[in-house]
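Grab your viewer and work through the exercises below. Each one sets a small task, and the solution follows step by step.

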Amino acid sequence: MSCRSSMIGTEFSRADIAETARQGRLLSMEIEFNQNCNYRCQYCYIGQNSRNGQKELTEPEIRDVILQAKELGAKKIVILGGEPMIYPRIREMLSFIREQKLAAELFTNGTNITPDMARLLHDLGIQVVLKMNSFEEAVQDDLAGVKGAYRIIQTAFKNLRDAGFPSEGHFLAVNTIICAQNVHEIVRMWKWLRDQKIVPYFEIMTPQGNAVTNKHLEVDLPTLKKVFDQLAEIDHTMYGEKWEPQPPLVGSRCLRHQFSCLVNAYGYVMPCVGVTIPVGNIHERKLSDILKDSEVIKDLRNYQDTIRGPCAECENAASCYGCRGAAYQMTGDYLASDPLCWRNVEKRNEIMTLPAPVEGMIPHKGSMQLVDRIVSVGERVATVETTIRSDNPFMEQDGSLTGEIYIELIAQAAAAMNGFRTAHQNGDIKGFLIGARNVKVTARAKVGDTLSIRVFKANRYGDFGIIEGQVFRGVETLASGEIKVWHNTAKAEANESVQ
C-alpha cells in the first residue's frame, strides 16, 4: 500500500465528499464510548475538568447511533476517547461495527493491547491508530502524565506487529502531537514510520483542554512551517509522495466537517473535537434531524461561502479551511480564519475574535444602535452585550429606561446573531421586528448599566424566526420575551425550516 493512499483523511474522494455535504449526510462518524482515561496527557483536548460525572452513553445507545450513522451513509466509525481500550465492552462494540460492514478506526494509547487483543483487532480488520509522541521514554511519559506510558506503547507496538500489523488490509498509524518537547525528533520519527510502512498521523496541537494551561508545549509558527516543509521534501525525494504543506495535519487535509461529526460520550453531537459547540443530543432527537437542522453544521459544510477573513481569500481555499478547532478555540468564532496557519501570520489583525463590535452585523446606526458587541455564538444561540449610554432614546427623566427597550434589545441581539452568520455573504443587512409576546419586565436598567442579552432561535421558517430572549444585569434577570422577526438569510438558507 502506498503512503499517500493510506493517509488518514484521504480515503474519500472529493466527489463523494462534495455530494455528502450537499445532501447533509455522512461518510464517517467520530464517537466516544467513554471519557475515562488512564493517562493525563498534557495536551488532552478533553481536559481534566470536563470529566464531570455526566452519565455516559449506554451500550444500546451507542449501537443505535452507529446504526443511525449508517443510515445516513457512514462507511466508517472513528472511535475516540477517553481511552477506548479501557471501555468494558470494547470487544463487543468493535465486533458490532464490523458486523454492520462498517470500517472501524481506533485511536488508542496502547493500554490493554495484549497479544490476544492484537490478534482480535487484526482478525476484525480494525484500523489502529496508536498514540505515540516520542522515541524517548522520559519525554513520552512526561507528555502522557503517567510514568510507564512509554512501556505500554512499546508493548502494544510489539503485540500489533506480531499479530500482523501493518499489512494489506491491516492499517496501522501513529498519532503524534507536534510540541516543543518532541519537535527535535519529528523528522526522525516520520522517516522511521515510513520505512516501517506505518502511516504517520502528525498534527499541530489544538489550544484547548489541558493544552491551554500548558503553554510550554507550544511551538512557534516559523518552526512548525519548517518542520512541515522538511517532511514534505522528505516524502517527495525519499518516498515519491508529493503534497503541499498546510496545517493542521502533516501530509494530509482536514475536511471532516464536510462529511463527519462527533458524538461524545454523553450523547452531544458536535462538529468535531475542536469545535466544541453542541448542536443537539441523541437522547432528545435523531442524528439525522440534528444534522439537518443545525445552522453550525450548515455553515461549516458551506465553508466556501461562510469562512471569513484571510482563509476565505487563500489560494488553497478550495481544498482547505484551516483548522476549525484552532479557529474556534482561539477566537470564539467557528467561521474565523485559522490563527495557527503560517499563511495568516501577517494577517492576524484581519481575523475577528469574539467579543466583537456589532457594527456591520446590524443595520442600526447612531443612537438607535442599542447593542455594542457580540460575545458568543453557538447553535441558534448568541450572547450580546451593551452598556447603556446617556443618548439612549428610551430613557426616562430619572435616568431609567422604559419597558419598550427590552423588546428592542432582544431584536437587535437577534439581528447581531443573524448578521454574524450572513452579513459577509449578502452584503445588505435587512431585518424587521414583526411582533412580540409574553414580554415580562421585572426590573429597570439605567444609564451606565452593562447588560447581557441572550437570544435563542426557537423556530425558523425561511427568513422568519421566533426568537426567545432574556436580558440580564449581572445575574439579575431584567426582562424576557419572545419576538417574531424577518431577516434576509435567503442566500444561505432559502426554503429551510427548523422546528
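**Exercise 1. Find the residue in β4 that stands opposite Phe-107, then trace how the chain gets to that strand.**

Solution. Keep in mind that you're looking at a predicted model.

Step 1: Go to Phe-107 and look across to β4, where Val-129 is the residue standing opposite.

Step 2: Zoom out to the strands. β3 covers residues 103-108 and β4 covers residues 127-131, and the two pair in the parallel sense over four bridges.

Step 3: Now follow the chain. From β3 the path runs through helix α4 (residues 115-124) to β4, making a right-handed β-α-β crossover.

**Exercise 2. Work out which strand pairs with β3 besides β4, and how the chain links the two.**

Solution. Step 1: Start from Leu-106 in β3, whose bridge partner is Ile-79.

Step 2: That leads you to β2 (residues 76-80), which pairs with β3 in the parallel sense over four bridges.

Step 3: Add helix α3 (residues 90-99), and β2, α3 and β3 together give a right-handed β-α-β unit.

**Exercise 3. Decide how many of the six residues of β3 are buried.**

Solution. Step 1: Take under 20% relative accessible area as the cut-off for buried.

Step 2: Count along β3, and five of its six residues pass, so the cut-off makes this a mostly covered strand.

**Exercise 4. Describe the largest nonpolar core and pick out its best-connected residues.**

Solution. Step 1: This core has 140 residues, and the ones with the most contacts inside it are Met-29, Leu-121, Leu-287 and Tyr-334.

Step 2: Ask who contributes. Helix α14 (residues 405-426) gives the most, with 11 residues.

Step 3: Take Leu-287 as a sample. Leaving out residues up to four places away in sequence, Leu-287 touches Leu-26, Met-29, Val-65, Gln-68, Ala-69, Leu-72, Cys-261 and Val-269.

Step 4: Apart from the largest core lies another one, of 12 residues, and Phe-107 from the opening exercise is among them, as are Ala-173, Leu-249 and Cys-254.

**Exercise 5. Locate the second largest cavity and say which strand gives the largest share of its lining.**

Solution. Step 1: The structure holds five cavities of 30 Å³ or more, and the second largest has about 80 Å³ of space.

Step 2: Its lining has 11 residues, and the closest to the centre are Lys-457, Arg-460, Asp-463, Gly-465 and His-487.

Step 3: β14 (450-461), β15 (464-473) and β16 (476-487) each supply at least two lining residues. The largest share, three residues, belongs to β15.

How values were computed
Residues are numbered from 1 along each chain as its sequence is written. This is a predicted model: local features need pLDDT of at least 70, side-chain atom pairs count only at pLDDT 80 or more; totals for chains, interfaces and linings use all residues. Side-chain values use heavy atoms; hydrogens and water are left out. A nonpolar core is a set of buried Ala, Val, Leu, Ile, Met, Phe, Trp, Tyr and Cys residues joined through side-chain atoms within 4.5 Å. Buried means under 20% relative accessible area, exposed over 50%, partly exposed in between (1.4 Å probe, protein chains only). Contact means heavy atoms within 4.5 Å. Two strands pair if DSSP finds at least two bridges between them. A crossover is right-handed if, with the strands pointing away from the viewer, the path from the first strand over the helix to the second runs clockwise. On a 1 Å grid over the protein atoms alone, a cavity is a set of points where a 1.4 Å probe fits but cannot get out, and a pocket is an open set with protein on both sides within 12 Å along at least five of seven lines; lining residues have an atom within 4 Å of a point. Grid points are joined across faces, edges and corners, and a volume is the space filled by probe spheres set on the points.
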